[in-house]
Amino acid sequence: MPCSSSTACFAFRAEINDRWDFRGWLDIGADLSIQRGTARDQDWTDSDAEALHLDRYLGAERVHIAEADPMRVADVVIDNRVLEHAHVRRRTPACGHPDARQARCRTGCGASPR
């Protein structure tokens, strides 16, 4: 079975929802995102790395989150705040009903997690 992976932050836009079989959201929070991105991008942005993440990326991500609500529609949400202890926080059954605690949907449809 072919598999493709993408690290696109904006993969939850409504106009491309039908192009994905599975989507995950790495949740780290805004402050940590800026901190990690600034450290990672310092070499190619010189002293502008923090400004780039604060002014451009964070603003765009906030709009995307408000419009697409990726944590709600993701197939899996992974808490990635501590890299050494990343863990699945929520899985969504194939029916689309969020269920964080059980292997099957609590609505009674009987779907297993995707």
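This briefing covers the fold of one protein chain, the packing of two of its helices, and two buried residues. The model is predicted. The chain holds three helices and three strands. Their order along the sequence is β-α-α-α-β-β.

**Whole chain**
- The protein chain has 114 residues, and 27% of them are buried.
- Take the contacts between residues at least 6 apart in sequence: 36% of these join residues at least 24 apart.

**Packing of α1 and α2**
- Two packed helices are described by the angle between their axes and the distance between the axes.
- Helix α1 spans residues 30-45, and helix α2 spans residues 49-68.
- Their axes come within 8 Å and cross at roughly 130°.
- That angle falls outside the range of 65 to 115 degrees for roughly perpendicular and is not over 145, the cut-off for roughly antiparallel, so α1 and α2 are oblique to each other.
- The crossing of α1 and α2 is right-handed.
- On the α1 side, the contact is made by A30, S33, I34, G37, T38, R40, D41, Q42, W44 and T45.
- On the α2 side, the contact is made by A49, E50, L52, H53, L54, Y57, L58, E61 and R62.
- By class, the residues of this contact divide into eight nonpolar, six polar and five charged.

**T38, a residue of the helix contact**
- T38 sits in helix α1 and is among the residues that make the contact with α2.
- T38 has a relative accessible area of 15%. Buried means under 20%, so T38 counts as buried.
- Leaving out residues up to four places away in sequence, T38 touches A49, E50 and H53.
- These three partners, A49, E50 and H53, are among the α2 residues of the helix contact.
- Within α1, a polar atom of the T38 side chain lies 2.7 Å from the backbone oxygen of I34.

**I28, a loop residue**
- I28 lies in the loop between β1 (24-27) and α1.
- The relative accessible area of I28 is 19%. This is under the 20% cut-off, so I28 is buried as well.
- Residues I28 and N80 are 52 residues apart in sequence. In space, their C-alpha atoms are 5.3 Å apart.
- Leaving out residues up to four places away in sequence, I28 touches S33, R36, N80 and R81.
- One of these partners, S33, also belongs to the α1 side of the contact with α2.

Notes
Residues are numbered from 1 along each chain as its sequence is written. This is a predicted model: local features need pLDDT of at least 70, side-chain atom pairs count only at pLDDT 80 or more; totals for chains, interfaces and linings use all residues. Side-chain values use heavy atoms; hydrogens and water are left out. Axes are lines fitted to C-alpha atoms, for helices over the stretch in contact, and angles run from 0 to 180 degrees between N-to-C directions. Helices (H or I, at least four residues) and strands (E, at least two) are DSSP runs, numbered from the N terminus. Angles under 35 degrees count as roughly parallel, over 145 as roughly antiparallel, 65 to 115 as roughly perpendicular and the rest as oblique. A crossing is left-handed if the near helix is turned anticlockwise from the far one by less than a right angle, and right-handed if clockwise. Contact means heavy atoms within 4.5 Å. Ala, Val, Leu, Ile, Met, Phe, Trp, Tyr, Cys and Pro count as nonpolar, Asp, Glu, Lys and Arg as charged, and the others, Gly among them, as polar. Buried means under 20% relative accessible area, exposed over 50%, partly exposed in between (1.4 Å probe, protein chains only). A polar contact is a pair of N or O atoms within 3.5 Å; within protein, one must be able to donate a hydrogen and the other to accept it, and residues adjacent in sequence count only if both atoms are side-chain atoms.
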